[in-house]
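The following note sets out points on the model for a colleague's consideration. It proceeds from a single side-chain contact to the helices, the strands and the chain as a whole.

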Amino acid sequence: MTQTSNKPFHRIVVGLDGSEFSEATLKWAAAQAELTGSTLEVLTTWQSPISYGWVMPIPEGFDPRAAAGEAIAGVLKVVHDLHPALVIHSHVVEGHPAPTLVEASGEADLLVVGGKGHGDFAGLLLGAVSDYCAHHAKCPIVIIH
């Protein structure tokens, strides 16, 4: 934990993918950050499409980082309006969300992710990202169902 003017600095990291489900997760994390006087670090990831045998065409001028940022801008504004005094930092990072969130958890006081089933056995209770984070996070984790 970093010290700033003799007051502990607290950091909550939350994953946001633009879905309605992750919006609820972000709102919970924002309320928790406000209650604890923490800074909220919002992480959104994007990946280049993976293909086997043929290259997926990408429209000329398409910027996946900007598109990911635009996809979450509305919910970030809603959360900022609900918690105007809360310090919120938003980051759009290239990579898979699970290891990116685990890496970010190394300097966090709390990691917050959404959990949703995907049909496979492990996914009955948790989604793949939340399952990975639950096993590898470097700080306490809250999984919002």
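**Notes on the predicted model**

1. The side chains of Ser22 and Asp17 form a polar contact at 2.9 Å. The coordinates under discussion are those of a predicted model. Ser22 is part of helix α1, and its relative accessibility of 6% falls under the 20% limit, so Ser22 counts as buried. Leaving aside residues up to four places away in sequence, Ser22 touches Gly15, Leu16 and Asp17.

2. Helix α2 covers residues 64–82. Its 19 residues, at 1.5 Å a residue, should span 27 Å, and the separation of 28 Å between its end C-alpha atoms agrees with that expectation. The helix nevertheless carries a kink of about 40 degrees, which is centred on Ala73. At the start of α2, the backbone nitrogen of Arg65 has a side-chain oxygen of Asp63 within 3.2 Å.

3. Which residues of α2 are buried? They are Ala68, Ile72, Val75, Leu76 and Val79. An α-helix has 3.6 residues a turn, so residues three or four places apart point the same way. The packing partners of the buried residues of α2 are α1 (20–36), β4 and β5.

4. Helix α3, residues 97–104, has Ala98, Thr100, Leu101, Val102 and Ala104 as its buried residues. Their cover includes four strands named here, β3 (11–15), β4 (39–46), β5 (88–94) and β6 (110–114), together with helix α4 (128–136).

5. Strand β4 merits separate attention. Seven of its eight residues are buried, so β4 is largely enclosed by the rest of the structure. Strand β4 pairs with β3 in the parallel sense, over five bridges. Within this pairing, Leu40 of β4 has Ile12 standing opposite. Strand β4 also packs against the buried residues of α2 and is among the elements that cover those of α3.

6. At the level of the whole chain, the secondary structure consists of four helices and seven strands. Their order along the sequence is β-β-β-α-β-α-β-α-β-α-β. Of the contacts between residues at least 6 apart in sequence, 74% join residues at least 24 apart.

7. As to exposure, 33% of the 145 residues of the chain count as buried. The accessible surface of the chain amounts to about 8,700 Å², and carbon and sulfur atoms contribute 59% of that area.

How values were computed:
Residues are numbered from 1 along each chain as its sequence is written. This is a predicted model: local features need pLDDT of at least 70, side-chain atom pairs count only at pLDDT 80 or more; totals for chains, interfaces and linings use all residues. Side-chain values use heavy atoms; hydrogens and water are left out. Helices (H or I, at least four residues) and strands (E, at least two) are DSSP runs, numbered from the N terminus. Buried means under 20% relative accessible area, exposed over 50%, partly exposed in between (1.4 Å probe, protein chains only). Contact means heavy atoms within 4.5 Å. Accessible areas come from the Shrake-Rupley method with a 1.4 Å probe; for residues, only the protein chains shown count as cover. The expected span of a helix is 1.5 Å times one less than its number of residues. The bend at a residue is the angle between axes fitted to the seven residues ending there and the seven starting there. A polar contact is a pair of N or O atoms within 3.5 Å; within protein, one must be able to donate a hydrogen and the other to accept it, and residues adjacent in sequence count only if both atoms are side-chain atoms. Two strands pair if DSSP finds at least two bridges between them.
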